[in-house]
Amino acid sequence: MLTLILGPSGSGKSVRLREELRQRARSRQRSILIVPEQFTSSTEGALYHALGDELSAYVESYSFTSLAETLLRRYGGAAVPTLSEAGRAVLVSRQRRSAAFCQKAAETISELKSAGIRPETLADYANAPGADKDKLGELALIFGTYETLLAQTAMDPGDRVELAAKSLDQAFFAGRTVYIDEFDTFNHSKRAMLAAMLPVADVTVSLCCD
């Protein structure tokens, strides 16, 4: 089941969400709270301050990335070699381009993967009316070659959340409700995790609607 907590910035959405977490903890019910990566440390501190030592044990705090790593350790896949951001640029450099070009291409590939764009999709865009066929076509070839080389060596860091989503099941959420807070948007891999989560868990999402 999906529940939405909607309101403008500063309207108390997070306060309400954390009060629900407090009430569940007092009833000895377990919860999972997912926040953006940059908020995980401050969120854990705030939860401990609000709930204390005993009750804070009933709330597990994750980012989508750390949740994915937990799932991969549990269901398999954590040991799959994964490129770093620098490794992505090195792999692109196998296509014999300048260092600056390879760095920019690696950043572009990261953005494309975040948006869920595949090389074949990009190639289709290149053939669309009004598209810059040469540039998009070349980028599609670079992206496709990168994916081919990647399959022979390691996993792109952007693919780990999607891999974890494929292993998600109801057993992981047994007895636990999921709360999601502080997100402005969800990229492709996060949407894949949400799509896997919603059929098997009770999920409450707090969103701004300014």
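Guide: A residue is called buried under 20% relative accessible area, exposed over 50% and partly exposed in between, with a 1.4 Å probe and protein chains only. The structure is a predicted model, in which local features need pLDDT of at least 70 and side-chain atom pairs count only at pLDDT 80 or more, while totals for chains, interfaces and linings use all residues. Residues are numbered from 1 along each chain as its sequence is written, and side-chain values use heavy atoms, with hydrogens and water left out.

Visitor: Why does R160 count as buried?

Guide: The relative accessibility of R160 is 8%. Buried means under 20%, so R160 at 8% counts as buried.

Visitor: What makes E69 and R160 a salt bridge?

Guide: The N to O distance between their side chains is 2.7 Å. A salt bridge requires a side-chain nitrogen of Lys or Arg within 4 Å of a carboxyl oxygen of Asp or Glu, and the 2.7 Å of this pair therefore satisfies the definition. The pair links distant parts of the chain, with E69 in helix 3 and R160 in helix 8 (residues 160-167), 91 residues apart.

Visitor: How many salt bridges does a search of the whole structure find?

Guide: The search finds eight salt bridges. One of them joins E147 to R118, with the closest N and O atoms 2.8 Å apart. E147 belongs to helix 7 (residues 133-153), whereas R118 is in the loop between helix 5 (99-114) and helix 6 (119-126), 29 residues away. Salt bridges that share partners also unite K113, R118, E147 and D159 in one network.

Visitor: How do you know whether E147 is buried or exposed?

Guide: E147 has 14% relative accessibility and so counts as buried. Its partner R118 has 36% and therefore counts as partly exposed.

Visitor: What makes R22 and E19 a salt bridge?

Guide: The closest N and O atoms of R22 and E19 are 2.9 Å apart, so the pair falls within the 4 Å limit. Both residues lie in helix 1 (residues 13-26), three residues apart, or about one turn of the helix. R22, at 21% relative accessibility, counts as partly exposed, and E19, at 31%, likewise counts as partly exposed.

Visitor: How many helices and strands are there in the protein chain?

Guide: The protein chain has nine helices and five strands. These are DSSP runs numbered from the N terminus, with at least four residues of H or I for a helix and at least two of E for a strand. Along the sequence, the pattern reads β-α-β-α-β-α-α-α-α-α-α-β-α-β.

Visitor: What is the order of the strands in the open sheet?

Guide: The five strands of the open sheet stand in the order 1-5-4-2-3, with parallel pairing. Strand 1 (2-7) and strand 3 (59-62) are the edges: each has a single partner strand, so one side of each is without a neighbour in the sheet. From one strand to the next, the twist averages 20° (axes are lines fitted to C-alpha atoms, for helices over the stretch in contact, and angles between N-to-C directions run from 0 to 180 degrees). Helix 3 (residues 64-75) packs on this sheet and touches strand 2 (30-34), strand 3 and strand 4 (176-180), where touching means heavy atoms within 4.5 Å. The direction of helix 3 makes about 110° with that of strand 3.

Visitor: What makes strand 1 and strand 5 a pair?

Guide: Two strands pair if DSSP finds at least two bridges between them. Six bridges join strand 1 to strand 5 (residues 203-208), so the criterion is met. Among the bridge partners in strand 5 are V203 for L2 and L207 for L6. Strand 4 and strand 5 are also parallel, over three bridges, and V178 has V203 as its bridge partner.

Visitor: Why does L6 count as exposed?

Guide: L6, in strand 1, has 52% relative accessibility, so it counts as exposed. L6 also contributes to a nonpolar surface patch of about 350 Å², together with L2, L4 and L198. Such patches take residues with over 30% relative accessible area and no salt bridge, joining like charges within 9 Å and nonpolar side chains (Val, Leu, Ile, Met, Phe, Trp, Tyr) within 5 Å; the areas come from the Shrake-Rupley method with a 1.4 Å probe, and for residues only the protein chains shown count as cover.

Visitor: Why does S31 count as buried?

Guide: S31 lies in strand 2 and has 0% relative accessibility, so it counts as buried. Leaving aside residues up to four places away in sequence, S31 touches L21, R24, Y58, V59, E60, T177 and Y179. In the protein chain, buried residues make up 40% of the 210 residues.
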